[in-house]
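Biologist: Please take a close look at the salt bridges of this model. Which side chains take part, and how are they placed?

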Amino acid sequence: MAESCAEDAASLWCVSHEAAMASWALGAILAVLASLIIAANVLVAILLLCHIHRSGSKGLCFVLNLALADAMVGFTVMGLAIDELSQLFHPSQRFCILRMAFVTSSCAASILSLILVACDRHLAIRKPFHYFQLVTGLRVGLCLVGLWLVAVTIGFLPVFIPRFQRVSNHWKCSFFNVFHPSYMLTMFCFGFFPGLFLFLYLYCDMLKIASVHVQHIQEVQQAGLGPSCPPSRATSDMKAMRTVAVLVGCFTLCWLPFFITSIVQMACPECFPYKVIENFLWLLGLGNSLLNPLLYSYWQRDVQLQLSRLVVAVKRRFLLHLGSGRCFPGRNTKAVPAVSCLELHD
């Protein structure tokens, strides 16, 4: 009897030790991912602020909002990482619901910002001569306010509707421990799929417009007016299309597996365990917040130019600070006498 009790205690200790190690590993991954998300998006936000201040472009405010939303995703995920690493904090059910609501709101704001960026690029191609008249500061502000209101409503929907909450005795704050699967179905039907279809429609329409512009330029060149009609318009259209295509592709690859497996989980609970969805597929969705600033810093020439200016300014200040500490004479040293050019000539 004593031996069986000892074996049971040893097996329980092994199970708890493995669970603790898995929790610590997940917390470390979340901490690294959140740190990279915060650093990359804060840097891109600073670059965009400087560029908006220089150029006064209102459309870049949507990209700035995307960077801020992704940075907020990193901040909210950092709280989950701290919980995983500490393993001593046992939050209440209410606290877990509020925390996951903030995470969901940040992710929803990031996805909605992607849609606004795509709409802005589509408007720039569809209405190039009326773009600056349509995209005013007031309209941009109203769009951003409406975006955050919708994002907060989506994220805090389980807080206002108890039917979307799931009572769990598990102390860990996770998506499926606090939210009911019906909430996932609601987000899937009224959030993810409409956004994905809107992405695809905008990209297909931009592709059609760009193909028409290229065809017109080819007709002008065949008529012998090629040098007087440079293909700058087609080039800008292709850049906008490329940006939207990359955003759509990364958004689909990052979030589609998570939503698909979550819906399958409702019909077949044994097909995909919750740990696979939460520990792997959800991390893939969070990785979209890290890819967005990297894509913009790589594809957008304005961001690259502003980054090079920032690097040059930081390097110049560092060299001036270094020179003031080493090169200039102090109080007890004699300054080198100045010699004018005329004295050297004589």
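**Salt bridges in the predicted model**

Modeller: In this predicted model, the count of salt bridges comes to 3. I begin with the pair formed by Asp-120 and Arg-121, whose side chains meet with an N to O distance of 2.8 Å. Asp-120 has a relative accessible area of 5% and is therefore buried, the limit being under 20%. Arg-121, at 27% relative accessibility, is counted as partly exposed.

The other salt bridges involve Asp-205. This residue pairs with Arg-126, and the closest N and O atoms of the two are 2.6 Å apart. The contact joins distant parts of the chain: Arg-126 belongs to helix α3 (residues 93–126), whereas Asp-205 belongs to helix α8 (residues 181–222), and 79 residues separate them. Asp-205 is buried, its relative accessible area being 6%. Arg-126, by contrast, is partly exposed, with a value of 39%.

Asp-205 also forms a salt bridge with Lys-208, here with an N to O distance of 3.7 Å. That distance still counts because the rule accepts a side-chain nitrogen of Lys or Arg within 4 Å of a carboxyl oxygen of Asp or Glu. Both Asp-205 and Lys-208 lie in helix α8, 3 residues apart, which is about one turn of the helix.

Taken together, Arg-126, Asp-205 and Lys-208 are linked in a network of salt bridges. Within this network, Asp-205 has Arg-126 of helix α3 as one partner and Lys-208 of helix α8 as another.

Notes:
Residues are numbered from 1 along each chain as its sequence is written. This is a predicted model: local features need pLDDT of at least 70, side-chain atom pairs count only at pLDDT 80 or more; totals for chains, interfaces and linings use all residues. Side-chain values use heavy atoms; hydrogens and water are left out. Buried means under 20% relative accessible area, exposed over 50%, partly exposed in between (1.4 Å probe, protein chains only). Helices (H or I, at least four residues) and strands (E, at least two) are DSSP runs, numbered from the N terminus.
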